[in-house]
Amino acid sequence: MVAIIVLALFFVLFPALIIWLGEKKFVLVDRIGAVVICYAAGIILGNIGILPKGAAAVQDLTTTIAIPIALPLMFFSLDVGAWARSSGRALLAFGLEVAAVVVVSVGGFFIFRGMIGPETAKLTGMLNGVYTGGTINLAAIGTALRVSPTLYVAANTSDIVISGLYLLFLITIGQKVIGIFLPAWKKPAGGPAQIEVEEWGSYKGFFSRERLLPLLGSFGLALLIFAVGAVFSLLLPGQWGTITTILVITSLGIAASFIMPIRRIRMTYQLGHYFILVFCLVVGSMADLSRLLSVIPGVIGYVSVAIFGSLIVHMLLCALFRIDTDTMIITSVAGICSPPFVPMVAAALKNRDIIVPGIITGIIGWVIGTYLGIGVSAALSAFAH
């Protein structure tokens, strides 16, 4: 029993240690990233033979509750209605990005299903979610579809590697290369729009009294939403109960973001992201390293096709509609990498005016990603065998 308690405390507290080291600017933690470290620590823990008897129950319980709590917390601070303030061309460009991801990932399903196996349709759904939204959608879809921990870790690990190469291309020569095919960006009349950009990766001031008390309230609301969603897992059989639970929790979290006092609570995103880190650590500990090494080549190939293939298709579609280079790039980043990466890429492009449409379209991706991914996976399930 003592060993089980120690394991549970490790799962809950280890991400806090990594965040603290990151805030203290430890170079290794800052460069590698909390998500990667949590995965690596989990994989090591789960494959060196030290997990106590009964660990599976702790792992299952943690993965069952982590994402349903994280989802509403990460949605509470989103200004979903702000999409109306984005330019029409940015919305069109993002719509083309979503279409490109769907077309390329579905094509990739038929190419890679023999290599990856019966869960390829689930992987396709996760890729649709993460490349129109972000990690939050990947985790939600993986939980809803009951993806095996090994495949989930392989997908997220591959995404980290390949999306890093994608970002490197865009912030170095991407603007020049894509600019060969698309028109140059022109400054809109009236100057740049402004939007409050929360420091998504920073936990500075998290435990201050003015932040902590409202956050406890938001956590309580997230638990209530989780409880409401969990009712559907009892009413509906098997996987459909899990899928419905995730969709209900997502919808209620988005609905709560329209309530101004809830949306004004600071750092709910960070609190939700903390539960994502816990989830990554636990899922990593459940992954079979030998199977991970055997499945990851196919997953890396699929992820590479999904990212760079959709980038090419997105560029061609934007050329058809005469969308400019910077708008195409920033909406691609909003989908492939999610809103927190938008300011960094905008700085690399030396164009602060594209930050607002990038963040807003990325938020739209967060909202639709889970629905889209589950829908695509369901549509492809008939071809999965």
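**Notebook: loops, helices, a pocket and the cysteines**

I began with R146, which counts as partly exposed at 48% relative accessibility. I note at the outset that I am reading a predicted model, in which local features need pLDDT of at least 70. R146 sits in the loop that runs between α7 (135-144) and α8, and I looked up its backbone as well: the phi is positive, about 55 degrees, although R146 is not a glycine.

I then went to K350, which also is not a glycine and yet has a positive phi, of about 60 degrees. K350 belongs to the loop between α15 (342-349) and α16 (355-380), and with a relative accessibility of 78% I have it down as exposed.

**Helix α8 and its partner**

From the loop that holds R146 I moved on into α8, where I looked up L151, a residue of that helix. L151 is buried, its relative accessible area being 3%, because buried is taken as under 20%. I also looked up its distance to R291: the two are 140 residues apart in sequence, while their C-alpha atoms are 9.0 Å apart in space.

Next I took the pair of helices as a whole, and found that the axes of α8 (residues 149-179) and α13 (residues 289-320) come within 8 Å and cross at roughly 35 degrees. I sorted the residues of this contact by class and got 19 nonpolar, five polar and two charged. For the hand of the crossing between α8 and α13, my entry is right-handed.

**Helix α6**

How many of the residues of helix α6 are buried? I find 11 of the 11 residues in the stretch 120-130 buried, so I describe α6 as largely enclosed by the rest of the structure. Among the buried residues of α6 are K122 and N128, along with T120, T124, L123, M126 and L127; the two glycines G125 and G129 are on the list too.

**The second largest pocket**

I looked up the second largest pocket and noted a volume of about 690 Å³. It is lined by 25 residues, and those closest to its centre are V12, A16, F206, L271 and Y274. Two or more lining residues come from each of α1 (2-23), α4 (55-76), α9 (209-235) and α12 (268-286). Which element gives the largest share of the lining? I find that it is α1, with seven residues. Sorted by class, the lining consists of 21 nonpolar residues, two polar ones and two charged ones.

**Cysteines**

My last search was for disulfides, and I found zero in the structure. A disulfide is a covalent bond between the sulfur atoms of two cysteines, so I checked how far apart the sulfurs are. For C318 the closest cysteine sulfur is that of C337, 16 Å away, which is too far for a bond, since the pair would have to lie within 2.5 Å. For C337 the closest cysteine sulfur is in C280, again at 16 Å and too far for a bond.

Are these two cysteines buried or exposed? C318 counts as buried, at 0% relative accessibility, and C337 counts as buried as well, at 8%.

Conventions: Residues are numbered from 1 along each chain as its sequence is written. This is a predicted model: local features need pLDDT of at least 70, side-chain atom pairs count only at pLDDT 80 or more; totals for chains, interfaces and linings use all residues. Side-chain values use heavy atoms; hydrogens and water are left out. Buried means under 20% relative accessible area, exposed over 50%, partly exposed in between (1.4 Å probe, protein chains only). Axes are lines fitted to C-alpha atoms, for helices over the stretch in contact, and angles run from 0 to 180 degrees between N-to-C directions. Helices (H or I, at least four residues) and strands (E, at least two) are DSSP runs, numbered from the N terminus. A crossing is left-handed if the near helix is turned anticlockwise from the far one by less than a right angle, and right-handed if clockwise. Ala, Val, Leu, Ile, Met, Phe, Trp, Tyr, Cys and Pro count as nonpolar, Asp, Glu, Lys and Arg as charged, and the others, Gly among them, as polar. On a 1 Å grid over the protein atoms alone, a cavity is a set of points where a 1.4 Å probe fits but cannot get out, and a pocket is an open set with protein on both sides within 12 Å along at least five of seven lines; lining residues have an atom within 4 Å of a point. Grid points are joined across faces, edges and corners, and a volume is the space filled by probe spheres set on the points.
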